[in-house]
Amino acid sequence: MEPQVLEREAQSAIEGASTAAELDDVRVRYLGRKSELKQALRAVRDRETGMALNALRERLEKAITTRRRELEEAELEQLFAQEGLDVTLPGDPIPRGRLHLLTQIRREIEDIFVGLGYEVWDGDEVTAVWHSFDALTTDPGHPSRSPSDTFYLDDDTVLRPHTSSDQIRAMESRQPPLYLIAPGRCYRRDTPDATHSPTFLQFECLAVDRGITLADLQGTVLHFFRALFGPEREVRMRTSFFPFTEPSVEFDVTCFLCGGTGCAVCKHSGWIEMGGAGVVDPGVFENIGYDPEEWSGFAFGLGIERIAMLRHGLPDLRAFWENDLRVLAQF
Ligand code: FA5
């Protein structure tokens, strides 16, 4: 075949190849070992013909390389079109999650008490009336027992109304000495407002040992608040009443905002109410079979939302449950 004819035929075959496999066939046919061109090259006798044939070979090789690139690009285009994927686009940023503020604070509280040698007790959200009220020497007529205050699942079972229920469960399964905190979700039929939610978090602290007094409670609470809110916090106790502690107290901390001089947050008293506490009533020990002559203890319970509100100056605890990321992502 005339070289010009061969070239025209080869070029149109290269152009006509529509897949990489077809192009390979074309290459073998026109440039392979048994191809006409290779045979002609082998048979060359004069320099001029040799140069002309080599130039032809180079042109064909170049044309094949160009066509191969075109085909690869077209295949890739097709793949992208099919899969809707453009690998050259910058990736979407992956939003980073974080722990909920209440979880962060719960963990911080746990760390403070673990540092004091306390254990973290994982209680139950569904408890017997015995654990939540009876064993805690709560009178049958006490208002907290009322179905308008507490969620009853049946006559003997309630959704945990306070983490004090976990005091009983822990003491029933352990022998003293006992140093534990029990953080957990509580339920009460409270109408939601800025400081109340029907579900909220509390944590209970319980210490049972020989010779425990109110002074131990005071020292522990002071250490805790200073660890959480800063060393300049002061804590004061006021007498109060709880069915399961005697004496009972409520404690206040100096206001996080004004430091005690008085402001709108602390209603100009300089103090913010934090929770209830007391020396464990001997009747509670009797109910679970500890000898009240031998063992004594203190307990306190705090709302975790309240702590978070104070620490971050948040005016409404509903923000914690509404899951508005514009609020939560700030912490
Ligand atoms: C108690 O629940 C007692 N069990 C505390 C206690 C423990 C006393 C051990 C003695 C010994 P009180 O009902 O005051 O106490 O609740 C304690 C804290 O839980 C409150 O100060 C408040 O911070 C939080 N709390 C109570 N109800 C709600 C609610 N509906 N929403 C948000 N937080 C609440």
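**How do you know? A predicted model, term by term**

Q: What joins β7 to β8, and through how many residues?
A: A hairpin does, through 2 residues. Before we go on: this is a predicted model, where local features need pLDDT of at least 70 and side-chain atom pairs count only at pLDDT 80 or more, while totals for chains, interfaces and linings use all residues. Residues are numbered from 1 along each chain as its sequence is written, and side-chain values use heavy atoms, with hydrogens and water left out.

Q: What makes β8 (residues 245-254) a strand?
A: A strand is a DSSP run of E with at least two residues (a helix is a run of H or I with at least four), and the numbering starts at the N terminus. β8 covers residues 245-254, so it fits that rule.

Q: How do you know that β7 and β8 pair?
A: Two strands pair if DSSP finds at least two bridges between them. β7 and β8 have 7 bridges and run antiparallel, so the rule is met. One of the bridges links R238 to E250 in β8.

Q: Why are β1 (119-120) and β7 (235-242) said to stand at the edges?
A: The open sheet has 7 strands in the order β1-β5-β6-β10-β9-β8-β7, with mixed pairing. β1 and β7 each have a single partner strand, so one side of each has no neighbour in the sheet.

Q: What makes the bond from P176 to P177 cis?
A: Its omega is near 0 degrees. P177 is in the loop between α7 and β5 (178-187). The bond from E246 to P247 is also cis, with omega near 0 degrees, and P247 is in β8. Most peptide bonds are trans.

Q: How do you know that S164 has a polar contact with the ligand?
A: A polar contact is a pair of N or O atoms within 3.5 Å. A ligand nitrogen is 2.8 Å from an N or O atom in the S164 side chain, so that pair counts. H162 does it too, with its side-chain N or O atom 3.0 Å from a ligand nitrogen. For Q202, a polar side-chain atom lies 3.0 Å from a ligand oxygen.

Q: How much of the ligand does the protein bury?
A: Alone, the ligand exposes 680 Å², and the protein buries 90% of that; these areas use the Shrake-Rupley method with a 1.4 Å probe.

Q: What do the classes in the shell around the ligand look like?
A: There are 8 nonpolar, 12 polar and 4 charged residues. Ala, Val, Leu, Ile, Met, Phe, Trp, Tyr, Cys and Pro count as nonpolar, Asp, Glu, Lys and Arg as charged, and the others, Gly among them, as polar. Elements that each supply at least two shell residues include α7 (164-173) and β6 (199-209).

How values were computed: Polar contact = N/O pair within 3.5 Å; in protein donor to acceptor, adjacent residues only side chain to side chain.
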